[in-house]
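Hi everyone, thanks for having me. Please pull up the sequence and the structure, and we'll walk through the strands, then the helices, then the empty spaces.

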Amino acid sequence: MATSGSVTWRPQVDDIIIEAYERVGTDIGKLTQYDTESAIRSLNLMFSEWSVRGINYWTVDKQSYTVTDGTANTTLSAGTLDVLSMIVRRSGSDTVLSRMSLTTYHNLPDKTTEGRPSSYFLDRQYTPVVYLWPTPENSTDVIEYWRVVQPDDITLLAQDTDTPYRWSEAMCAGLAVKLAQKKNPDRYAALYTASEASFTLASGDERERASLRIIPTSVIA
C-alpha cells in the first residue's frame, strides 16, 4: 500500500485547540467564541513560558547591523529575547565579542573609549539594547549575532503556529493543561504529567549535533 508522499502536515491553531479541549473532556459542540479566544490567549502564554525554559533552536536566527562611529548602543531587531553569540567583522575577518554583565559594563571607567569592539553588554528590556565596548571607531564594521527570537503571535484560528512539526504533540499537551485549569481541574494533574513528558521529549531534541572536541594544552611550570 502506497503512502501519501506528503510531508506538509502541521496542525493549525483550530486543530490544536480542538485536540486540547477534547483532552480536557469539553464537549466541542458547545464551545463558544469566548472559549476559542481564551484558548488562543493560553496558547500565546504557553509560548511565553517556553521561551524561559531553555533554548529552542527553531526560535534562533542570525541578524546583523553596521556600527556607527562613536555610538556604543544599538536597539536590536524587534522580537529579540536574548543573544547567543556576537562577532565583529572587519575587512572580512571576524572577532568574537565576549559578553559582559551589567555590573562589569557599569564599572568601566571610560565608556567612550573608541576602538575595535571586543565586548558587549545586552540590556534585556522590552526592546533589547546592546552596548559595545570599546565604542566603535568607524562606521564600516559589521556586528553579526545569533539571537533567540519570540515566536509569531497567534491571532486567528486559521493559522499555522510558528513551531516545527516535532513540537506538535507538546503544543497540544501543553494547551490542554492550561485549559484544564479553567475548565476541568480534576484532569489537571494527569494532563500536567503528560505535558511535561511531551515537553521533555521535544526539548531533548533541541540540542547541538556537533561533536564535542576537547583539546589538551600544555602547562609550563
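Let's start with one pair of residues: Thr74 has Val130 in strand 8 as its bridge partner. Before I go on, this is a predicted model, where local features need pLDDT of at least 70, side-chain atom pairs count only at pLDDT 80 or more, and totals for chains, interfaces and linings use all residues. Residues are numbered from 1 along each chain as its sequence is written, and side-chain values use heavy atoms, with hydrogens and water left out.

Okay, some vocabulary. Helices (H or I, at least four residues) and strands (E, at least two) are DSSP runs, numbered from the N terminus. Two strands pair if DSSP finds at least two bridges between them.

So, back to that pair. Strand 2 and strand 8, which is residues 129–133, are antiparallel and share three bridges. Strand 8 also pairs with strand 7, again antiparallel, this time through five bridges. One of the partnerships there is Asp123 with Val129 in strand 8. Strands 7 and 8 make a hairpin, with five residues between them.

Now look at the other neighbour of strand 7. Strand 7, residues 119–123, runs parallel to strand 5, and three bridges connect them. Ser98 is partnered with Ser119 in strand 7.

Put those together and you get an open sheet of four strands, ordered 2-8-7-5, with mixed pairing. Which strands stand at the edges? Strand 2 (73–75) and strand 5 (98–100) do, and each has a single partner strand, so one side of each has no neighbour in the sheet. From one strand to the next, the twist averages 30°. For angles like that, axes are lines fitted to C-alpha atoms, for helices over the stretch in contact, and the angles run from 0 to 180 degrees between N-to-C directions.

A quick general point while we're on strands: in a regular strand, side chains alternate between the two faces of the sheet.

On to another sheet. This one is open too, with four strands in the order 1-10-3-4, and its pairing is antiparallel. Strand 1 (60–66) and strand 4 are the edge strands here; each has a single partner, so one side of each is left without a neighbour in the sheet. Neighbouring strands in this sheet are turned by 30° against each other on average, direction ignored.

Zoom in on strands 3 and 4. Strand 4 covers residues 93–96, and four bridges join it to strand 3 in the antiparallel sense. Val88 sits opposite Thr95 in strand 4. These two strands form a hairpin with two residues between them, and Ser91 in the turn has a positive phi of about 50°.

Helices next. How do helix 1 and helix 4 pack? Helix 1 (residues 13–24) meets helix 4 (residues 168–183) at an angle of about 55°, and their axes are 8 Å apart. That makes the two helices oblique to each other; under 35 degrees counts as roughly parallel, over 145 as roughly antiparallel, 65 to 115 as roughly perpendicular and the rest as oblique. Their crossing is right-handed, meaning the near helix is turned clockwise from the far one by less than a right angle.

Last topic: empty space. On a 1 Å grid over the protein atoms alone, a cavity is a set of points where a 1.4 Å probe fits but cannot get out, and a pocket is an open set with protein on both sides within 12 Å along at least five of seven lines; lining residues have an atom within 4 Å of a point. Grid points are joined across faces, edges and corners, and a volume is the space filled by probe spheres set on the points.

The largest pocket comes out at about 260 Å³. Its lining has 13 residues, and Phe47, Ser48, Ser51, Leu81 and Gln150 are nearest the centre. Helix 2 gives the largest share of that lining, three residues.

How many cavities of 30 Å³ or more are there? Two. The largest cavity holds about 70 Å³, and its lining includes Phe47, Trp50, Ser51 and Leu81. Helix 2 and strand 10 (142–149) each give two or more residues to that lining. The second largest cavity is about 30 Å³, with Arg10, Tyr165 and Met171 among its lining residues.
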